[in-house]
Amino acid sequence: MAVSVRVRWIILSIGLMLQPACSWTSGGDPNVLIVAVENLAFERLSCESGDLAGREYESFRIFCDEGVRFTHAFTTSTLSQPALASILTGLYPIEHGVRANGREALSSKIVTVPEAASYAGFRTWLISGGAPILRKSGMAQGFEVFDDVLSLSEQNWYRPAQDVVKNFISRLDKDSGRKCFFSVLYLSDLQFPEMETRSDLGEIRDRSFDSQMKEVAESLTQLIGQLKARRIWHRTHVILVGLNGGGGRTGEWPPLNLYSENTRVALFLKPARPNFDQGPQWTIDKNISLADLGYSLFEFVGVKTPEPPLPQLRRVSLYGLVNQPSSDWND
């Protein structure tokens, strides 16, 4: 996208807001919070009765009870950096140019959702749980706060989910009473099943993938509790999404696994509800991609969606699913 086109888009977007920034006619400010999780495949977060038994999984049950569940959501890449780039731009990797972790940065010529949110009056933050979502990835554009300052060691290879949540809540309290926010929390815990975790009661868990799932779930329970205590939960669109499935096969490098176990990801949309009523409990079974999610986020922040470089690549908006379960796109 040429710089001149970018400038025209900015001017046009400011004049074509779909709704007043950070306000509803019914009262309350709609925030947008995205929790992007490594290795969160669709089959790892089931809403079937009994599959989420136990207090550890309370947060997952809340998403099942209060959110729209997408059963056929697919990542745009098995690698997290290009997948998150699709969420932040609404573009496929062939369009945004990020195809690998680390060596390819998102171009500053591409308009991102956080940039659009910032123009619309949102505070914009990203709290990273570790590599590869670092400032050098180019993901920082549009974020007034991009927290990738990590204290790593042989015993600590990433920022645990509970610390990501604490940093976010601390940032929220510092800016209390100001504008609404657009924020991304990147959780990398599920990549490290060999790392020790503790329950919120201080009990040491065994080292396994399931233990890390419990760590993520308990951290999200803390997040939900903190948002509810501040009366923010019902005024926030909260999106829980897997960046990839993390599935490998014997003798195969996991990123090369393009079977659904690695490309079909968990995706929940918990809509804002200004009147504190119960959220929707419907399921969408049609195929969507993380590029569709990113495409929709422009609408969530009240800004006209920029024209993609390759409009022939199908994109659909999920914004209408906040209020009704019907989807108007073709199979």
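The following dialogue examines salt bridges and one strand in a predicted model.

Author: In this predicted model, local features need pLDDT of at least 70, side-chain atom pairs count only at pLDDT 80 or more, and totals for chains, interfaces and linings use all residues. Residues are numbered from 1 along each chain as its sequence is written, and side-chain values use heavy atoms, with hydrogens and water left out.

Reader: Why is the contact between Glu95 and Arg315 called a salt bridge?

Author: A salt bridge requires a side-chain nitrogen of Lys or Arg within 4 Å of a carboxyl oxygen of Asp or Glu. The side chains of Glu95 and Arg315 meet at 2.6 Å, N to O, so the definition is satisfied. Glu95 lies in helix H4 (residues 93–96) and Arg315 in the segment after helix H9 (290–300), so the pair ties together parts that are 220 residues apart in sequence. Helices (H or I, at least four residues) and strands (E, at least two) are DSSP runs, numbered from the N terminus.

Reader: What makes Glu95 buried?

Author: Buried means under 20% relative accessible area, exposed over 50%, and partly exposed in between (1.4 Å probe, protein chains only). Glu95 has 10% and therefore counts as buried. Arg315, with 12%, is buried as well.

Reader: How do you know that Asp173 and Arg230 form a salt bridge, and are these residues buried or exposed?

Author: Their N to O distance is 2.7 Å, which is within the 4 Å limit. Asp173 lies in helix H6 (residues 161–174) and Arg230 in the loop between helix H7 (209–229) and strand S7 (236–242), so the pair ties together parts 57 residues apart in sequence. Neither term of the question applies: Asp173, at 40% relative accessibility, is partly exposed, and Arg230, at 27%, is partly exposed too.

Reader: Why is Arg207 called exposed?

Author: Arg207 has 55% relative accessibility, and the cut-off for exposed is over 50%, so the term applies. Its salt-bridge partner is Glu196, at 3.6 Å, N to O. Glu196, with 40%, is partly exposed.

Reader: How many salt bridges are found in the whole structure?

Author: The search finds five.

Reader: What makes strand S6 mostly covered?

Author: Seven of its seven residues are buried. On one side these are Phe181, Ser183, Leu185 and Leu187, and on the other Phe182, Val184 and Tyr186. In a regular strand the side chains alternate between the two faces of the sheet.

Reader: How do you know that strands S1 and S6 pair?

Author: Two strands pair if DSSP finds at least two bridges between them. Six bridges join S1 (residues 31–37) to S6, in parallel, so the condition is met. Within S6, Val184 stands opposite Ile34.
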